[in-house]
Amino acid sequence: MRYVSDLPYETKEEENVTIPAADGTRLAARIWRPTSSDQDPVPAVLEYIPYRQRDLTAERDSIHHPYIAGHGYACVRVDLRGTGDSEGVLKDEYLEQEQTDAEDILAWLADQPWCDGTTGMMGISWGAFAALQVAARQPESLRAIVIASFTDDRYADDMHYMGGALLSDNLAEAGTMFAYGTMPPDPAMVGDRWRDMWHERMEGTRPWVLEWLRHQRRDDYWRHASVCEDYQAVRCPVLASSGWADGYSNAVTRLLGNLDVPRKGLIGPWSHKFPHLGQPGPAIGYLQEVVRWWDHWLKGVDNGVMEGPMLRTWMQDSVPPSTSYEERPGRWVGEPSWPSPHITPVVRRLTRHGLSDPVAQHEAPGDAVGTGGGLSVQSPLSVGQFGGKWASYNAPPDLPYDQREEDGGSLVFETDPLTERTEILGSPCVELDLSVSEPVAMVAARLSDVAPDGRATRVSYGLVNLTRNEAHSDPRPLEPGRRYRAVIPLNGVAQAFPPGHRIRLSLSTSYWPLAWPPPKPVLLTVYETSSNLTLPVRPVAEPDALPEQPFDEPEGTRPRSPVQLVAPEERWQVKRDLVDYAAELEIVKDRGTVRLEDINLDVGRRAYERYTSMAEDFTSATGESAWTMSFRRDDWDVRVETRTVLSCDEDNFRVDATLDGYEGDRRVFSRTWNETVPRDLL
């Protein structure tokens, strides 16, 4: 990244700013704005997240907020109610209170003498969720948003459930927020109130996984703040981005296809990162794109920002399987609209362990019922151990590895070696004629690029809980032996398959630990003559060629770099014991301890995840998420330790959780939860 200091506007930074919510709760903010805004007001841009602007996101924030401010904007970073130095308790994600607080913040910003009355919102992940959800509420001052790595559908396309199957990230994210929501504010900001505020947070919290598990079907809990329920509610322009290695690879194209406002989409090869910090690379000059967006929609500059393709995306070339990539080879391609007129759905029938040559859509099986005996599989619990993380962060290495071992427990269908390069862009789809042996069953479908030497790189995948095949709001137990048709959409992707490679579809009845297994092993029978795979094929010849380098080099302002005091540790290990047949995936993401010299604070963060199972006992599946967060300055020495364990039997989930708060070596708070949640055909 190129660090710049010569910006159009001289800026100043204001910390320890307090913004009042309507009920009097004080929300902590940091503001970067042009010094000239005291005389010449500017638009304000809000980022609104629960990850502590004073310390935990200070390094990241210092790259882009001063940069945008230096181009003539007041950039404002606010801690959600109950996080960082804001008052209150954070009880769950995306609550009504969170959104009304955001509206209060925007109204306060628009009313400041240094603001010209117009606002925007930006962010990644939670910040993007917040911006999109608030945009649907149409606050008066909000003129545009910029969002990255988000979803418009909280049930079907978030870290909780996928195709009605429970994701392990449901536990992992709940564990993350169990720690982030119970950390103390900084006494340097809130004074002697810090201890009371901290205990209020610890007293007022519950493990969020309990609430998320109580809503195992699509209901009003998930419909709230899911913008897909009413796309027309969003009335301001949207610049949306994500990455193909991210869990949120689908919402960008859905917004492009469903919104009725000026909109642009950008999808790179990235994991869960801002595009200017994109990993795997190439990262791009995203902040330059953001400034152009704000200049046009907040300042009215006629800069051509809406010219060119609606969607720009990285067409990924074939690569060997790896859990991490520095760079993904490929090229940028553009689409004038979405759905794209360039993309053709190409159907391949399933054959006896193969995929047919492309067939005309009118020749596809449709709802026909095959007459053959079908192909059957009962996958072991080991299928999925090389599946990687639902949402890759690229640290520790968390992308899927070689799929050959996974395919040993799966039904496999693949093409003959391709005679010419094939490129796909969009969401592949699998349609199966099937039967199962149990009333609760899932299917995981994986699409892989198979090299001539046999190595298989997963390109995309999808899951379906077959009890929710017809309606996610009204699951029904399956009738063993009965024939069903199931449609499994796979995650969107842009991928090239070179000549000599094969395209492989793999089907399994478990995908642990990425997804929670069903209560019992399931025998799946697929009737291949009436099943098919549809690929969104894009012509290799460029329909809308982009320049070889359509983006500038990544740039930002020089970050506040912490001093590393204790080395970080990263680990992703698969273990199997062939004595008692125990299997384990262990993940360590330890940031070590760093010193933030500008505020004289030492910060430690360690996350630990562990997923275990025993032989083919599907009720032995257990997940654990544990966090330690510590803060130390002079005589202020505090830490929070959380641990959440999720286990099950055939009928119930069990949550065992602990929260401990320490001042020095003295434990000052402790609480334990031991609760059971019934399985709802899951």
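Which elements each supply at least two residues of the lining of the second largest pocket? In this predicted model, the elements in question are α9 (251–258), β18 (422–426), β21 and β22 (484–489). The second largest pocket holds about 660 Å³ of space, and its lining is made up of 32 residues, among which N250, R254, S427, P489 and L490 lie nearest the centre. When the lining of this pocket is sorted by class, 16 residues are nonpolar, twelve are polar and four are charged.

Enclosed space was examined next. The structure holds four cavities of 30 Å³ or more, and the largest of these cavities contains about 370 Å³ of space. The largest cavity is lined by 27 residues, of which W244, A245, P400, R458 and V459 are the closest to its centre. Two elements, β21 (456–465) and β23 (493–497), give two or more residues to this lining, and β21 gives the most, with five residues. Strand β21 therefore appears in two of the descriptions given here, since by the definition of lining residues, which have an atom within 4 Å of a point, it supplies at least two residues to the lining of the second largest pocket and five to that of the largest cavity. The lining of the largest cavity divides into twelve nonpolar, ten polar and five charged residues.

The second largest cavity has a volume of about 90 Å³, and it is lined by 15 residues, with S168, G388, P513, L514 and L585 the closest to its centre. The elements that give two or more residues to the lining of this cavity are β30 (582–596) and β31 (601–614). By class, the lining of the second largest cavity consists of seven nonpolar, five polar and three charged residues.

The backbone also shows several features that deserve separate description. A cis peptide bond runs from Q279 to P280, with omega near -10 degrees, and P280 is placed in the loop between β11 (263–268) and α10 (286–299). Another cis peptide bond joins A395 and P396, where omega is about -5 degrees; P396 has its place in the loop between β16 (375–377) and α11 (404–407).

Positive phi values were found in residues other than glycine. For A225, phi is near 70 degrees, and this residue sits in the loop between α8 (220–223) and β10 (238–243). For A615, which is not a glycine either, phi is positive at about 50 degrees, and the residue is found in the loop between β31 and β32 (617–633). A615 counts as partly exposed because its relative accessibility is 36%, a value that lies between the limits of 20% for buried and 50% for exposed residues.

On the surface, V563, L565 and V566 form a nonpolar patch, and together these residues have about 210 Å² of accessible area. L565 belongs to strand β28, which covers residues 563–566. With a relative accessible area of 40%, L565 is partly exposed, and this value therefore satisfies the requirement of over 30% relative accessible area that applies to residues in a patch.

Note on methods:
Residues numbered from 1 in each chain as written. Predicted model: local features only at pLDDT ≥ 70, side-chain atom pairs only at ≥ 80, totals over all residues. Heavy atoms only, no water. Patch = residues over 30% accessible without salt bridge, like charges linked within 9 Å, V, L, I, M, F, W, Y side chains within 5 Å. Areas by Shrake-Rupley, 256 points an atom, 1.4 Å probe, with all protein chains shown as cover. Salt bridge = Lys/Arg side-chain N within 4 Å of Asp/Glu carboxyl O. Buried < 20%, exposed > 50% of the residue type's maximum accessible area, 1.4 Å probe, protein only. 1 Å grid on protein atoms, 1.4 Å probe; cavity = no way out; pocket = protein on both sides within 12 Å on 5 of 7 lines; lining within 4 Å. Points joined across faces, edges and corners; volume = space filled by probe spheres on them. Nonpolar A, V, L, I, M, F, W, Y, C, P; charged D, E, K, R; others polar.
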